[in-house]
Amino acid sequence: MTKTQAVSFSRTGGPEVFDYVEIDLPAPAAGEVQIRQAAVGLNFIDVYFRNGTYKPPHLPFVTGKEGAGTVTSVGPGVTDFKLGDRVAYASADGAYSTERNIEVRHLVHVPDGIALETAAAMMLKGMTAEYLLNRTFKVGPETVLLFHAAAGGVGLIAGQWAKALGATVIGTAGSADKVELALAHGYDHVINYKSDSFVDRVREITGGKGVDVVYDSIGRDTFPQSLDCLKPRGLFASFGQSSGPIENFTLAALAQKGSLFATRPTLFTYIAARRELIDSAKALFDIVQSNKVRININQTYPLREVGQAHADLETRKTTGTTLLIP
């Protein structure tokens with residue numbers, strides 16, 4: 001048993017509920033390894049657990065889903081990982097810690113050409129972009145798409161990836177600076193939703209036809225207008241709710257607006273099978289190493305300042321990817 005540092009909360013609420021604490025860290029159990037973390041990714045799902053939108057499985061709770069580090073100890077029965085391996089993950093609670101134990105089913109090996117900090121910055125967001133573009137809706141050269149929060153962590157990766165797939169890529173952002181940032185990351189058109197109606201601009205850009213698919217992580221503030229951007233039989237992919245949950249959704253609206261399809265996907269379903277996790281991570285590593293997608297770490301915070309990081313994320317002061325450094 002050793003000691004390590006972590007950020008936990010004993011009640012849900014605002015960023016003030018976080019405590020930087022010392023916790024006991026036992027030796028890794030069967031099927032686990034222990035890792036020393038180089039960096040931890042900051043994601044909106046962390047906010048959802050902290051504020052109670054998603055119910056924590058227990059309290060106190062160490063949140064965080066994404067990180068990367070080096071294996072320092074190996075539990076019984078583990079054969080695929082060894083001491084010194086560079087590893088990353090995107091779907092294991094407890095990331096807000098300096099060291100941690102983790103089941104190897106969540107881990108992938110990080111290729112030599114990718115820094116651990118880069119891996120921590122891109123696993124959850126990059127694999128989200130992967131499944132959205134390759135599996136939720138198969139994006140290709142004929143696709144015209146709309147991606148909300150284009151200057152966010154997923155948005156900046158998705159814009160570049162969709163452009164590499166040959167799509168026409170339209171995004172939305174909330175400031176002139178964010179518009180410029182998105183335009184530099186693959187987007188053909190970026191709409192400032194604070195000054196323009198994104199529905200009107202999408203119709204203008206597409207000659208009145210609309211888009212094949214809308215990727216929406218905003219939720220309340222962009223619904224139901226997102227539906228009005230779609231072609232008949234288009235797909236509404238709602239994969240987050242940073243502005244709050246969608247209300248008053250009815251199946252009848254899909255019929256009225258053009259026999260639309262709607263889905264509420266999550267990364268964790270798309271990588272639940274070990275083979276799917278490995279394939280998704282490989283696709284991400286490959287496109288990053290090809291330089292078709294750049295991973296920019298736009299903000300870093302010490303782990304003990306996670307409350308400020310959450311506040312900045314929620315008030316949309318951040319762009320792209322944010323890391324917490326243990």
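**Close-up views of a predicted model**

Arg 233 has a relative accessible area of 66% and is therefore exposed, the cut-off for that class being over 50%. This residue belongs to the predicted model shown in every view below.

**View 1. Arg 233 in strand 12 has a positive phi.** The residue is found in strand 12, which covers residues 230-238. Its phi is near 65°, a positive value in a residue other than glycine. Most residues other than glycine have a negative phi. Arg 233 is also one of the residues touched by Ser 259, when residues up to four places away in sequence are not counted.

**View 2. Ser 259 sits in the loop between helix 6 and strand 13.** Helix 6 spans residues 251-256, and strand 13 spans 261-263. Ser 259 has a relative accessibility of 47%, so this residue counts as partly exposed. Beyond four places in sequence, Ser 259 touches Arg 233 and Leu 254. The C-alpha atom of Ser 259 is separated by 50 Å from that of Asp 85, which is 174 residues away along the chain.

**View 3. Six strands form an open sheet with parallel pairing.** The strand order is 10-9-8-11-12-13. Strand 10 (189-192) and strand 13 (261-263) are the edge strands, each pairing on one side only. On average, neighbouring strands of this sheet are turned by 15° against each other, direction ignored.

**View 4. Helix 3 and helix 4 are shown with strands 8, 9 and 10.** Four bridges pair strand 8 (residues 144-147) with strand 9 (residues 168-173) in the parallel sense. Among the bridge partners, Leu 145 is matched with Val 169 in strand 9. Helix 3 (residues 153-164) packs on the sheet and touches both strand 8 and strand 9. The direction of helix 3 makes about 170° with that of strand 8. Helix 4 (residues 176-183) lies across strand 9 and strand 10, and runs at about 165° to strand 10.

**View 5. Gly 210 lies in the loop between helix 5 and strand 11.** Helix 5 covers 198-205 and strand 11 covers 211-216. Gly 210 counts as buried because its relative accessibility is 1%, where the cut-off is under 20%. Not counting residues up to four places away in sequence, the contacts of Gly 210 are Arg 203, Cys 229, Leu 230 and Lys 231. A distance of 8.9 Å separates the C-alpha atoms of Gly 210 and Val 199, which are eleven residues apart along the chain.

**View 6. Helix 2 is kinked and mostly covered.** The kink is about 50° and is centred on Met 122. Helix 2 (residues 116-136) has 21 residues, which at 1.5 Å a residue should span 30 Å; the end C-alpha atoms are 28 Å apart, in agreement with that value. Of the 21 residues in helix 2, 19 are buried.

**View 7. Helix 1 is covered by several strands and helices.** Six of the eight residues of helix 1 (residues 44-51) are buried. These are Ile 45, Asp 46, Val 47, Tyr 48, Phe 49 and Arg 50. The elements covering them include strand 1 (2-9), strand 2 (18-25), strand 3 (32-41), helix 2, helix 7 (267-270) and helix 9 (306-314). Gly 52, just after helix 1, takes a positive phi of about 90°.

**View 8. Strand 3 and strand 6 run antiparallel.** They are joined by five bridges, and the partner of Ile 35 in strand 6 is Arg 100. Strand 6 (residues 99-103) is mostly covered, with four of its five residues buried.

**View 9. The loop between helix 1 and strand 4 holds Lys 55 and Pro 60.** Lys 55 has a relative accessible area of 76% and is therefore exposed. Its C-alpha atom is separated by 12 Å from that of Ser 10, 45 residues away along the chain. The peptide bond from Leu 59 to Pro 60 is cis, with omega near -5°. Most peptide bonds are trans.

**View 10. A cis peptide bond joins Phe 223 and Pro 224.** Omega of this bond is about 10°. Pro 224 is found in the loop between strand 11 and strand 12.

Conventions: Residues are numbered from 1 along each chain as its sequence is written. This is a predicted model: local features need pLDDT of at least 70, side-chain atom pairs count only at pLDDT 80 or more; totals for chains, interfaces and linings use all residues. Side-chain values use heavy atoms; hydrogens and water are left out. Two strands pair if DSSP finds at least two bridges between them. Helices (H or I, at least four residues) and strands (E, at least two) are DSSP runs, numbered from the N terminus. Axes are lines fitted to C-alpha atoms, for helices over the stretch in contact, and angles run from 0 to 180 degrees between N-to-C directions. Contact means heavy atoms within 4.5 Å. The expected span of a helix is 1.5 Å times one less than its number of residues. The bend at a residue is the angle between axes fitted to the seven residues ending there and the seven starting there. Buried means under 20% relative accessible area, exposed over 50%, partly exposed in between (1.4 Å probe, protein chains only).
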